[in-house]
Each structure stands twice: as structure tokens, then as C-alpha cells.
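Subject: A structure for you to look at

Hi there,

Here is the structure I promised to pass on. Please open it next to this email, and then read on for what I found in it.

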Amino acid sequence: MKPTKKMSADINKLEQIASQVRRDIVRMVHACQSGHPGGSLGCTDYFVALYFNAMKRNPSFDMDGKGEDLFFLSNGHISPVFYSTLAHAGYFEASELATFRKINSRLQGHPTTHEGLPGIRIASGSLGQGLSVAIGAAQAKRLNKDNNLVYVLMGDGELQEGQVWEAAMYAPHNKIDNLIATVDYNNAQIDGSTDQVLSLGDLRAKWEAFGWDVMEVTKGNDMASVVAGLEEAKSRTGKGKPVVILLHTEMGKGVDFMMGSHKWHGVAPNDEQLASALNQLTETLGDY
């Protein structure tokens, strides 16, 4: 998706936020020596564009989410990028990022709801369930005459789960057109490339065959392209079909030794690697 002259977003400001979020990610994972930096770095531009430009949201937060857009993270292992984005978007203090994955922290490896962390509406763990939840939320909004949108993010490896395709059939059949699903299309998962592990084939053709309005954002780590893609997706809602964005990203984006390698799906950097990563990522909002 190419940016247009009509775009009103401050791309430079969004890029500054994204740089800080990436710093947060590597610091959080390094501090506890556990977590998933690769996918988090790859999805940073999406999260920043979504929360700081695309979504209508209320930082005061309530679980019902009436009168605002909703977001559900299905591939919850990329929690570092989610937590950092929520903190900088005002849902809780950024200082709490220092508690990531610690015992009794609200910031567990996978987001949970019982901890009461603002911004989290579903727990995750087993993959493949977020699309179903998002569809239910979208239907609830229609029943409540709430015209706001529901967003959900999935990993491409997650599409190997059967429940995704049950949900993918259900949404077009019921003309759920207040839903924007996004697939993090980085072609990488914990054991290798998706082509090696279980090929997804022609992903665009699959979603189209299920009756979705399919978009592709080929530059999923270019902020202007991501912003434009989300705006285009919003313009396609309300027309009888759910919308899905195939967002082409690169695992580990922003840190040269992590980029393009499935190795960094779930590996924490050591001290030397952290220093190298931070040298590549500008501190823009202040480190927590």
C-alpha cells in the first residue's frame, strides 16, 4: 500500500515512537532472559500505526469497550511489543515494563486478563483463537448498534491452526464487515520458515476463496505504508465482507543481527548483543 497525499498522520512522530518501542522490546527480553523479540520487532510499525493513528480508543479502558474500536492479539507471544505500545499509549506507566515476566507481574509472557492490566481483553497461549474472539466481539458491536471496528492480529505460522479456517468461513457467511484482521506475514516461525514447516500456499487466494476482502501491504515495516494500509482497510469496512491485511514484515526488524532469521523467534540477547541492538535504535521517548 502506497502512502497518499491525503495522509494526515505525522509519520516522523510515529517512527520516533516505534524506535522507542523497539528499544523497550530488546531491553525487556534481555532483562529476564526470556521472551520473543523477533516477531515483536517485526510488528512494531503495525502496533504504533494502529494505536497512535488508526484506532478510536479510550486510554481509561474498560473491558466492554463500548463506543471505541477493539484490538485482540492472537499471537500473544509477541507480548513485548504489545506491552510497550500500551504503556506509551497511556494505559499504564512505562516503568512497569521493567517487571516483564517476573513473578506476580501483570506483564506475563502471554497477556492475561486476571491480572487486570489495562488494554488486555483476552488471555492468549494456544494459538489460533484470536480470530474467533474478534468475530464474536464484532457481532456484539453490531447487536449493540456500536459502529466501531474490531481489529485482530495473527501470525502467519498461526494460520496452520484449523480453528482459524473455521472462523474464516464464519465471518464472510455472516457478513461481518466491521472486522479488520491482519496477518503478520514474515514467513518465519520457531522451527524455520513457514514454507519448510507447513506451507501456507497462495495465502491471498485462500482468504479470497473464503470470501474475505483481501489487501496486501508489501512494506510492512515502512510506517507510511502501514498507516496507508490501515486507512484503506477502514475504508473497505461496512461493505458486506470482513477485511484481511496480509502484512509483509521482517522478523527482527531494526536490529541487524536479528533480521530475517527465525532463530530470534524466542531467544533473548546477551549483554553484548543488547548493547549492539541499542546502538541501532534511537532513544526518543526516554528509556523506562
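Let's begin with strand β7, which is mostly covered: of its six residues, five are buried. Please keep in mind as you look around that this is a predicted model.

**The sheet**

Strand β7 belongs to an open sheet of five strands, and the order across the sheet is β1-β2-β3-β7-β6, with parallel pairing. At the edges you will find β1 (70-73) and β6 (213-217), each of which pairs on one side only. From one strand to the next, the twist averages 20°.

You can walk across the sheet by following the pairs:

- β1 pairs with β2 (residues 150-155) in the parallel sense, over four bridges. If you want a spot to zoom in on, Leu-73 has Leu-153 in β2 as its bridge partner.
- β3 and β7 run parallel and are joined by six bridges. Here, Tyr-185 stands opposite His-248 in β7.
- β6 and β7 also run parallel, joined by five bridges. Try finding Val-214, whose bridge partner in β7 is Val-244.

How does the chain get from β6 to β7? The path goes through helix α9, and this β-α-β crossover is right-handed.

While you have the strands on screen, here is a rule to keep in mind: in a regular strand, side chains alternate between the two faces of the sheet.

**The helix on the sheet**

Helix α9 (residues 223-235) deserves a look of its own, as this helix packs on the sheet. The strands that α9 touches are β2, β3 (179-185), β6 and β7 (243-248). The direction of α9 makes about 170° with that of β6.

**A pair of helices**

Next, please find helix α3 (residues 44-54) and helix α4 (residues 79-88), which pack against each other with their axes 10 Å apart. The angle between α3 and α4 is about 30°. Angles under 35 degrees count as roughly parallel, so α3 is roughly parallel to α4. Is their crossing left-handed or right-handed? The crossing of α3 and α4 is right-handed.

Which residues make the contact between α3 and α4? On the α3 side they are Thr-44, Phe-47, Tyr-51 and Phe-52. On the α4 side they are Val-81, Phe-82, Thr-85, Leu-86 and His-88. Showing these side chains as sticks is a nice way to see how the two helices meet.

Have fun exploring, and write back with any questions!

Best wishes

Terms used. Residues numbered from 1 in each chain as written. Predicted model: local features only at pLDDT ≥ 70, side-chain atom pairs only at ≥ 80, totals over all residues. Heavy atoms only, no water. Pairing = 2+ DSSP bridges. Axes fitted to C-alpha atoms, helices over the stretch in contact; angles between N-to-C directions. Contact = heavy atoms within 4.5 Å. Buried < 20%, exposed > 50% of the residue type's maximum accessible area, 1.4 Å probe, protein only. Right-handed = clockwise from strand over helix to strand, strands pointing away. Parallel < 35°, antiparallel > 145°, perpendicular 65-115°, else oblique. Left-handed = near helix turned anticlockwise from the far one by under 90°.
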